[in-house]
Structure formats: C-alpha cells, structure tokens
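Reader: I'm new to protein structures and a bit lost. Could you walk me through this one?

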Amino acid sequence: MRIAIVGTGYVADYYLKTLSNHPRLQLVGVMDRDGARAERFARFHHVPRVYRTYEELLADERVECVVNLTNPGSHYTLTKAALEAGKHVYSEKPLAMEMPLAEELVALAESRGLQLASAPCNLLSETAQTLWKALREERIGQVRLVYAELDDGPIHLMKPERWRSDSGNPWPLKDEYEVGCTLAHAGYYITWMVAFFGPAVRVTSFSTVLTPDKGQEVERQTPDFSVACIEFASGTVARLTHSIYAPYDHGLRIIGDRGILSTEECWLYGSPVYLRRRDALGLKAEKNPLKAKLLGLGPEKLPLVPGPGQPRAARKANVMDVSRGIAEVAEAVDQGRPCRLSPRFALHVNEVTLAIQHPVEPGTPRKMTTTCGPIAPMPWAL
C-alpha cells in the first residue's frame, strides 16, 4: 500500500523506525505545516517527496492511505479531508477530541467503503496476543477483575525540554500537557480489554490536575491523573490508572477464578507474560514471593506466541512497532476483509477514553453509547 504521512513531528520518527518491518508499505511522501521540518525529516529518512500543501498530498493519486500524525486537535479536520478525497486513513490517537466529530468520521468512512483505523496498535503485539490466547484457552478460569496501570513517572522532573527524536524534533511538551496523559495513553490498555472482554458498558472515573506547574506555560490545564472503573459486557470489571506523577508503572494483572495473568509493560511487544495459580499453594506463594522463588513455586513464564517479532532496535520500552497497525490496514484492504482495528473499534475506544478524561461528575457512572463487534486474533496466535 502506498502511504503518505501528514505531520513530521516527534512521533513520526517512531513510525519511520519501524516502517521497514513491513515491506507491503511504501512511503511516497510527507507533508507538515512547518515546511522546514518536513524537509529536514525527509532528508534524514530519505523520503522521496515533500508535499508543499495538504491539498497537494491529497491530489496525488498514488497515495492510497494517509497516516495522520499531527497534533490531536488537528486529527478530525485532516482525517475528514483525506476520507473525502477517497483515501484510507490511519490516525494517531485519539480519533477526534469530541465524540460527535469521531462519529462523523466513522460514518464518512463507512459510507465510502474506506478503512479508518486509529493508534495504538499494540493489541497486535506478541504480548497482547499471548495473553489473549491464554484467556481463550481458559487458563485462569472466569475473569472478574483487571488492574492496569499507565503511570509514566513525573515527566516534568525528567528534563523533557531536552528530548529529541532521531531527526531532531523536540518532544511536544506543551501539546502533551494540554492533551493529557489519559487521552495520550489510555488506548494502550483499553484496546486490549475491549478485544479480550467485549465492549465497555459503563465507565466511572475521576480525574484531576496534581501538578499545575510543570515548568511549561500552557493555555489550559488538563488532568495529569485519572482513575476509572470500567464495566465490560462480559461482566469483567477493570480499574485503569493514568498519571504523569506516580512512579513509572505499566503493569497489568488479569485476575481469574483459577489464576492471574500478568505483564509488566504494554509498550514492549515482547514483554514476558506470567501465569500465577490461585490454588492453596499458589496463594501461599503469593504472600511469600521470595521464599516461593527459592522453592521454585513462582509464577510460570508463558512462551510468547510466534509473531513477527520486535525489531532489534527496540530495546527501550518506548520503542514499539507502531507501523504494525498501518500494515494491518493494508492487509485488510488487499484481502477485502474487515480490519481488526476497525472504525467502530476506534470509535468505542475513543468514547471510553473521553469518558475517563471528562467525567460528567466524579464517581457517577456513564453509560457508553457506542459498541463494536468481536475482533479476530492474529492468525499466528491461534
């Protein structure tokens, strides 16, 4: 599939870093409202063409799919224009900042028979697919509870103003603080849970600003902490926490009647998956982990399903195969099948995320208005 990227800021380098993992994807050009930035990016990554305007990109008949990597506030406008031009779209998260706008995009894509998918795509990782396979095989019995953390540590104390991408773009400090950690990151686990347990039916959340002064002037304060309880159609309940204040923790525990599945990192596609029994011996080991380890009673490390694998460069937790989602869109188009990251899936994840970030009233459940159908596991994970 021939793709073009709009938005060549900090995150775009992550896409270029993993694009070569997917030979079916051909990057024909890039465009950015900052022409100098686009030129620098293209030189660094040897991209054949820089479009002067977005209209010029959309007019290029070779472009089959637009990859929208702009600021979240621009997602709706640019995605809509691409769909109206007859292009498939893969968008960075969220699909849109307001639900009516996201619903409009999905309706537009469906009416024109176009693919519309949204990041993140870590549901397609070996770690997520291994967890999902263990759940389908009922390795831990009925799942009643999930604890998931997306705490990134106190970013403002990590000198983020010095962070640069490979091509030299600074981390978008102001945008990140204004968008908030919930909108930026909730999808990494919500996508997993919707795939594993079906659509969410109710969300009860609380969000607030813990550190108003992060050393960066902003136009609006956005929650830097949120916690939500999500009720799924299957009856499973999940507690999901986000912050840029608490110590770094991306752990996940899926708790069933007979055991617990866990992993420590949703950003690393090859993060190990563990299974801990919930029988008398296993529960005793849970209380005395050091003694249990000495006696060989610790959690079992499950073999990861044999997927495409993580690129060698991905030794840091924040390096993901972010292009895998675009490849899934391309394969769905080629095979004439529904995309696993479908428009309705993206819309539902969008609604759950916005409900967490913007509770009507803290502690008051919000009923979800969207839903999505079952999602097929990857063929290499069956």
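Reader: What is the order of the nine strands in the open sheet?

Author: Keep in mind that this is a predicted model. To read a sheet, go from one side to the other and note the strand numbers. Here the order is 13-12-11-10-6-9-8-7-14, and the pairing is mixed. At the edges stand strand 13 (300–302) and strand 14 (366–367); each has a single partner strand, so one side of each has no neighbour in the sheet.

Reader: Which helix packs on the sheet, touching strand 7 and strand 14?

Author: That's helix 13 (residues 343–357), which also touches strand 8 (225–232) and strand 9. Its direction makes about 35 degrees with that of strand 7 (200–208).

Reader: In what sense do strand 6 and strand 9 pair?

Author: Parallel: strand 6 (residues 143–151) and strand 9 (residues 237–243) share seven bridges. Take V146 as a case: its bridge partner in strand 9 is A238.

Reader: Is helix 1 mostly covered or mostly exposed?

Author: For a helix, check its residues for burial, then look at what covers them. Helix 1 (residues 12–19) is mostly covered, with seven of its eight residues buried. Among the buried ones are Y14, Y15 and L16. The cover includes strand 1 (2–6), helix 2 (35–45) and helix 12 (324–335), among others.

Reader: Which ring does K17 lie over?

Author: The ring of Y14, with K17 over its face at 5.3 Å from the ring centre. Likewise, R136 lies over the face of W132, at 5.5 Å from the ring centre. W132 also belongs to an aromatic cluster with Y189, W192, F196, F197 and F232.

Conventions: Residues numbered from 1 in each chain as written. Predicted model: local features only at pLDDT ≥ 70, side-chain atom pairs only at ≥ 80, totals over all residues. Heavy atoms only, no water. Pairing = 2+ DSSP bridges. Helix = DSSP H or I, 4+ residues; strand = E, 2+ residues; numbered from the N terminus. Contact = heavy atoms within 4.5 Å. Axes fitted to C-alpha atoms, helices over the stretch in contact; angles between N-to-C directions. Phe/Tyr/Trp six-rings, centres within 6.5 Å; stacked < 30°, edge-to-face > 60°. Lys NZ or Arg CZ within 6 Å of the ring centre and 35° of its normal. Buried < 20%, exposed > 50% of the residue type's maximum accessible area, 1.4 Å probe, protein only.
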